[in-house]
Amino acid sequence: MSDNGTSPQPVDSPGVPAEQRAREEQLVQTVLASFENATDERLKLVMQALVRHLHAFLREIRVSEEEWAAAIAFLTDTGHITDERRQEFVLLSDVLGASMQMISINNEAYANATEATVLGPFFVEGAPEIEQGGDISAGAVGEPCWVEGSVTDTEGNPIAGALIEVWEADDDGFYDVQYDGEHTAARGRLHTADDGSFRFWALTPTPYPIPHDGPVGRMLQATGRSPMRASHLHFLVSAPGRRTLITHIFVRGDELLDSDAVFGVKDSLVKDFERQPAGTPTPDGRTVDGTWSRVRFDIVLAPPPMS
Ligand SMILES: [Fe+2]
């Protein structure tokens, strides 16, 4: 290696003659050198690392021209199916675990702060405001679920007025934005009380598939992977002077916890959704026909980065 040790790893190409390897390596060095005059140091770092890793990938698996054409066709299809309502590149990032790796890199563990997970494609700005104890379902079909908890800092001090945004799929596995029309359901926002507490009605989460009728779905099928996501309820929690938390809670006992299509599950985010038989009195006296569930989620917000 003549690149001062900056290759991602030695390229393992058994059976490739030394002269051929030297030619390939020379090309890598030439391409790297083409970025040497970039004045933006970060951009130079990014482009040279991309070149090193990309060439190492191509050389390691000895990509055929047919395979390279198929890869370009795949990315072209991914672009063509993407529009304002559908982001296939985000989906691709998700199923490759890149989105979760980004979360790990950019949300370093801090004391007992609640762990983050993927935002997903279905967050909508400006969801309806509800009162404490209000109901986010707005007509979405599903089993009622009482959600309560608190928001504190890492020392246990309550955070009053923290903004909690929540959203989820309905019992059929769809978010409101996946239906035709402008109807808003199964999403809302509320603020914590003076003691940092919150409570609201939602729906017991159910599993759903990520959109799998496009190139990402075909890749999952070709590789024997499931498009299903473990049941979850999304949270986005923010407060002045605290690191914004994007996370979900998952349902303990869900059989999909170990095979979540986007690798979003973390043990600390798996919660007990306690099933309540029909007729069980509700915490706020609301009358519920049939079964309901309840869950507690105590949220701990980290300080902002670099504070
Ligand atoms: Fe989701």
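**View 1. Phe-263 is partly exposed, with a relative accessibility of 43%.** Welcome to the first close-up of this predicted model. Phe-263 sits in the loop that runs between strand E8 (245–251) and strand E9 (270–271). Setting aside residues up to four places away in sequence, Phe-263 touches Asp-94, Val-95, Leu-96, Gly-97, Met-100 and Arg-225. Leu-92 is 171 residues away from Phe-263 along the chain, yet the C-alpha atoms of the two are separated by 12 Å.

**View 2. Helix H6 (residues 215–222) has a buried set of residues made up of Pro-215, Val-216, Gly-217 and Leu-220.** What do these buried residues pack against? Their partners are helix H3 (65–80) and helix H4 (88–95). As general background to a view like this one, an α-helix has 3.6 residues a turn, so residues three or four places apart point the same way. Follow the chain just past H6 and you come to Gly-224, which takes a positive phi of about 70 degrees.

**View 3. Four side chains coordinate the iron ion: Tyr-175 (OH), Tyr-208 (OH), His-232 (NE2) and His-234 (NE2).** The coordination distances are 1.9 to 2.1 Å. Along the sequence, the donor residues follow the spacing Y-x32-Y-x23-H-x1-H. Within this set, the pair of Tyr-208 and His-232 links distant parts of the chain: Tyr-208 belongs to strand E5 (residues 208–209) and His-232 to strand E7 (residues 232–238), 24 residues apart. Why is the arrangement around the iron ion called irregular? The angles subtended by the four donor atoms range from 90 to 164 degrees, and this spread makes the arrangement irregular. For reference, the ideal angle for four tetrahedral donors is 109.5 degrees. Tyr-208 is buried, because its relative accessibility is 4% and the cut-off for buried is under 20%. His-232 is buried too, with a relative accessible area of 2%.

**View 4. The largest nonpolar core holds 37 residues.** Which of its members touch the most others? They are Val-147, Val-151, Phe-198, Phe-200, Phe-235 and Ile-299. Strand E11 (residues 292–301) supplies the largest share of this core, with four residues. Take a closer look at Ile-299: apart from neighbours within four places in sequence, Ile-299 is in contact with Thr-114, Ser-150, Val-151, Thr-152, Phe-198, Phe-235, Val-237 and Leu-245. A second core, separate from this one, has seven residues, including Phe-122, Trp-167, Tyr-175 and Tyr-208. In soluble globular proteins, nonpolar side chains tend to be buried together.

**View 5. Four strands form an open sheet with mixed pairing, in the order E4-E1-E11-E10.** Strand E4 (197–203) and strand E10 (274–276) stand at the edges with a single partner strand each, so one side of each has no neighbour in the sheet. From one strand to the next, the twist averages 25 degrees.

**View 6. Strand E1 (residues 144–153) is joined to E4 by seven bridges, and these two strands run antiparallel.** Two places to look along this pairing are Pro-144, which stands opposite Leu-203 in E4, and Gly-149, which stands opposite Phe-198 in E4. With E11, by contrast, E1 pairs in the parallel sense, over nine bridges. Here Cys-145 stands opposite Ser-293 in E11. How many of the ten residues of E1 are buried? Ten of the ten are, so E1 is largely enclosed by the rest of the structure. In a regular strand the side chains alternate between the two faces of the sheet. Both faces of E1 are covered: one side carries Pro-144, Trp-146, Glu-148, Ser-150 and Thr-152, the other carries Cys-145, Val-147, Gly-149, Val-151 and Asp-153, and all of these are buried.

**View 7. Another open sheet, of five strands, has the order E3-E2-E7-E8-E9 and mixed pairing.** Which strands stand at its edges? Strand E3 (187–191) and E9 do, and each pairs on one side only. Strand E2 (residues 163–167) and E3 run antiparallel and are joined by five bridges. To find your place in this pairing, look for Val-166, which stands opposite Gly-188 in E3.

Note on methods:
Residues numbered from 1 in each chain as written. Predicted model: local features only at pLDDT ≥ 70, side-chain atom pairs only at ≥ 80, totals over all residues. Heavy atoms only, no water. Buried < 20%, exposed > 50% of the residue type's maximum accessible area, 1.4 Å probe, protein only. Contact = heavy atoms within 4.5 Å. Donors = N, O, S within 2.8 Å, 3.2 Å for Na, K, Ca; no water. Tetrahedral: all angles 85-135°; square planar, octahedral: opposite > 155°, others 65-115°. Core = buried A, V, L, I, M, F, W, Y, C linked by side-chain atoms within 4.5 Å. Pairing = 2+ DSSP bridges. Axes fitted to C-alpha atoms, helices over the stretch in contact; angles between N-to-C directions.
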